[in-house]
Amino acid sequence: MSDAFLEIRGLSKRFGDQVILDSIDLDIPLDSHTTVIGKSGIGKSVLLKCLSGLLTPDAGTVHLSGSKETLPQCAYMFQQNALFDSMTVSENVGLPLREKAGASKKLVSNKVHDLLDQLELGPAASKYPAEISGGMQKRVALARALITNPEIILFDEPTTGLDPQRKFAVFDMIRDYRQKFGFTVLMVSHDVPEVFGITDQVAWLDAGKIGYWGPPNDLISSPPEPLVAFLNPTLSTETPAA
Amino acid sequence: MIGRIGRKGISFISEFGELTIFSVSSLLSLFRQRHAFEKLVRSIYEIGVRCIPITLIVGLFTGLVLGLQLYYVLTKFSSESLLGQAVALSIIMEIGPVFTAIMIVGQAGSALSAEIGIQRNAEQIDALQTMRINPLSFLVSPRLYAALICFPILTAMFDIVGIFGGHLTGVSMLGVDEGAYWNRIYESVSVKNVMDGFLKAITFGLLTTSICAFQGYFTNIKSRIPGARGVSQTTTRAVVLSSIAILASDYLLTSFLLVK
């Protein structure tokens, strides 16, 4: 685990007697895409929520490599997008800037419309989330995440409930916009092996610990013993081209 | 049995403490955010303007019924000339603030609780936190300040319409002398009576809006059932607790204000 952008050290979280995260160490390289995989209910989303500040970890630190600085400017993409249904697309996207001191109305408006155009959402600017498709809603949520120029975006199971075709469309969207805007991605997903096509590193969370960390190709060619049972049902499926 | 009562008591005190911290944090956070005035105006529209029709209708009918009931009681003592005084004091000091608060809870308080509860379930409150926006200042504090402004104004509207309702029954229908009706009100109602009524309205506004927002905000904790049923459960709880809070605080305030 070298050249880390973000260092997670000894991160622990328990709910009552149940240990969810047990002293997790994880390095996220700069401009990379890291995906946390694991069984349902194992604590993948808890890990993201601890990193984003939505949950307070019981122990551990998260900071930029080589400094005491805590988590850098980060954005969070929720499973169900978490868009405000009584706000239009442009109001949703501009919300983080509008509420930030110092941003003028004109500046917010210009930035929102530039971003909407880049994400091909211009025609939907004045529509409400309920009036646009699920895929567009994902892009609106991504636009809202991107408006503050985050260094890292945390994706919480972005393809939950989508059919295979839309799933790949969302993965393509994340890969394309990561290349275009240059942000680091930490994603939680249970779409194995489909997610291997877009990720640089895979972290396997099991029993509160990171059981594997490395490139997906190594995982497919020679999976470590404890991972075989988890991957077996899915490895026979064809992996999409990156 | 004693243990159960003790646990309930501790749980009540703990929840009351949480509610107090929630309300004070929300009140303090309004001026630390941008576009506070814009949000305040929108909340005044939701809590105040939209509740005007129901307040006026209930105020009118309360005045009509009160005029009728009090007239028949007062005729037994040949004191029907006191009708104006009886109607006005009952409405200004007691019925106006209480009924107005209950009406606003039914219309705006339940909507507030459900809206915030749905936002909690849809992870919109979490989204605000990840955007470094304080959810209390964004969602709750404009509503609390709007309640502090709207409750006394709506109570004043209720009082005026209620007194006219009493006039309609007593003077226009039952033949009480018009001069006696207005003169008794003029002689008996003091500025203190009106201010006491407004004090009650402000207290009810703060209490009920805090309770409704609190129940919605923590719908994931307060309700054991997730999703839409959970929101419906916390909304009902918000209305019930608010109504109890209105009546209990009314008793305490009345005791305090009458002794003073």
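Q: In chain B, what share of the contacts with a separation of 6 or more comes from residues 24 or more positions apart?
A: In this predicted model, residues 24 or more positions apart account for 86% of those contacts in chain B.

Q: Which elements make up chain B, and how far does the chain extend?
A: Chain B has 10 helices and zero strands. Its C-alpha trace spans about 65 × 50 × 35 Å along the principal axes. Of its 260 residues, 43% count as buried.

Q: How many residues does each chain give to the contact between chain A and chain B?
A: Chain B gives 11 residues and chain A gives 13. On the side of chain B that touches chain A, four residues are nonpolar, four are polar and three are charged.

Q: Turning to chain A, in what order do the strands of the open sheet lie?
A: The six strands run β5-β6-β7-β3-β8-β9 in chain A, and the pairing is mixed. The edge strands are β5 (74–77) and β9 (209–214) of chain A, each of which pairs on one side only. From one strand to the next, the twist averages 15°.

Q: In which sense do β8(A) and β9(A) pair, parallel or antiparallel?
A: Strand β8 of chain A, residues 201–206, pairs with β9(A) in the antiparallel sense over five bridges. As an example of residues facing each other, Ala203(A) stands opposite Trp213(A) in β9(A).

Q: Which strands of the sheet does helix α1 of chain A touch?
A: Helix α1 (residues 44–52) packs on the sheet and touches β3 (33–37), β5, β6, β7 and β8 of chain A. The direction of α1 makes about 150° with that of β6(A).

Q: How does one read the sides of a helix such as α5 of chain A?
A: The general idea comes from the helical repeat. An α-helix has 3.6 residues a turn, so residues three or four places apart point the same way. In this structure, α5(A) covers residues 164–181, and its 18 residues reach 26 Å from the first C-alpha to the last, close to the 26 Å expected at 1.5 Å a residue. Val170(A), Phe171(A), Ile174(A) and Tyr177(A) are buried in α5(A). They lie on the same side of α5(A) because they cover an arc of only 140° around the axis.

Q: What do the buried residues of α5(A) pack against, and which residues are exposed on the other side?
A: The buried residues pack against α4 (134–146), β6 (152–156) and β7 (184–188) of chain A. On the other side of α5(A), the exposed residues are Pro164(A), Gln165(A), Asp176(A), Gln179(A) and Lys180(A). Just after α5(A), Gly182(A) takes a positive phi of about 65°.

Q: What is the usual sign of phi, and what is the usual form of a peptide bond?
A: Most residues other than glycine have a negative phi, and most peptide bonds are trans. Here, Ser23(A) has a positive phi near 50°. Ser23(A) lies in strand β2 (residues 18–29) of chain A and is partly exposed, with 15 other C-beta atoms within 10 Å. Glu157(A) has a positive phi near 40°. Glu157(A) is in the loop between β6 and α5 of chain A and counts as partly exposed, with 19 C-beta neighbours inside 10 Å.

Q: Where is the cis peptide bond that ends at Pro193(A)?
A: The cis bond runs from Val192(A) to Pro193(A), with omega near 10°. Pro193(A) is in the loop between β7 and β8 of chain A.

Definitions and conventions
Residues numbered from 1 in each chain as written. Chains lettered and ligands numbered in written order. Predicted model: local features only at pLDDT ≥ 70, side-chain atom pairs only at ≥ 80, totals over all residues. Helix = DSSP H or I, 4+ residues; strand = E, 2+ residues; numbered from the N terminus. Expected span 1.5 Å × (residues − 1). Buried ≥ 20, exposed ≤ 12 C-beta atoms within 10 Å, placed from the backbone. Arc of directions from axis to C-beta. Contact = placed C-beta atoms within 7 Å. Nonpolar A, V, L, I, M, F, W, Y, C, P; charged D, E, K, R; others polar. Pairing = 2+ DSSP bridges. Axes fitted to C-alpha atoms, helices over the stretch in contact; angles between N-to-C directions.
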